[in-house]
Amino acid sequence: MTTNIENIIENIDFSMKMEDMPLTEEDKSRLRVCLNGNKDINKVLQETIKKHTVIAT
């Protein structure tokens, strides 16, 4: 299973590199957590969006 997850991450990273947007280690870590079923993908997406959202004041 771990090999399969690493292959998935490698394929995603390859695709992102083609767009000049390689995955960071943090990105890969988030993917591992979700693909292992340790955390809900929707929760991770919400956390990531919140982290990178700038609210104008």
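**Figure 1. Charged side chains of the protein chain in this predicted model.** Let us start with the charges. The protein chain carries 8 positive side chains and 10 negative ones. Take the centre of each set, and the two points lie 7 Å apart. For the surface that goes with this view, the accessible area of the protein chain comes to about 4,800 Å². Carbon and sulfur atoms account for 56% of that area.

**Figure 2. The three helices of the protein chain.** Here you can follow the fold from one end to the other. There are 3 helices and 0 strands in the protein chain, and from the N terminus on the order reads α-α-α. The radius of gyration is 13 Å, well over the 10 Å that the globule rule gives for 57 residues, so the protein chain is more spread out than a compact globule. Along the principal axes, the C-alpha atoms fill a box of roughly 45 × 30 × 15 Å. As for burial, 12% of the 57 residues count as buried.

**Figure 3. The largest pocket and its lining.** This close-up turns to the pocket, which has a volume of about 160 Å³. Which helices supply at least two residues each of its lining? They are α2, spanning 25-35, and α3, spanning 41-52. If you would like to pick out the side chains yourself, look for L23, D27, R30, L31 and C34, together with I41, V44, L45 and T48.

**Figure 4. D20 in the loop between α1 and α2.** Do pause at this residue, as its backbone deserves a look. D20 has a positive phi of about 60°, although D20 is not a glycine. The loop that holds D20 joins the stretch between α1, residues 2-18, and α2. Is D20 buried or exposed? With a relative accessible area of 67%, D20 is exposed, since the cut-off for exposed is over 50%.

**Figure 5. N4 and L35, a pair brought into one view.** The last view starts from N4, a residue of helix α1. At 45% relative accessibility, N4 counts as partly exposed, a class that lies between the 20% and 50% cut-offs. How far apart are N4 and L35 in sequence and in space? In sequence, 31 residues separate N4 from L35. In space, the distance from C-alpha to C-alpha is 9.8 Å.

Technical notes
Residues are numbered from 1 along each chain as its sequence is written. This is a predicted model: local features need pLDDT of at least 70, side-chain atom pairs count only at pLDDT 80 or more; totals for chains, interfaces and linings use all residues. Side-chain values use heavy atoms; hydrogens and water are left out. Helices (H or I, at least four residues) and strands (E, at least two) are DSSP runs, numbered from the N terminus. The radius of gyration is taken over C-alpha atoms; the globule rule is 2.2 Å times the number of residues to the power 0.38. Buried means under 20% relative accessible area, exposed over 50%, partly exposed in between (1.4 Å probe, protein chains only). Accessible areas come from the Shrake-Rupley method with a 1.4 Å probe; for residues, only the protein chains shown count as cover. Lys and Arg count as positive and Asp and Glu as negative; His and the chain ends are not counted. The place of a charge is taken as NZ of Lys, CZ of Arg, CG of Asp or CD of Glu. On a 1 Å grid over the protein atoms alone, a cavity is a set of points where a 1.4 Å probe fits but cannot get out, and a pocket is an open set with protein on both sides within 12 Å along at least five of seven lines; lining residues have an atom within 4 Å of a point. Grid points are joined across faces, edges and corners, and a volume is the space filled by probe spheres set on the points.
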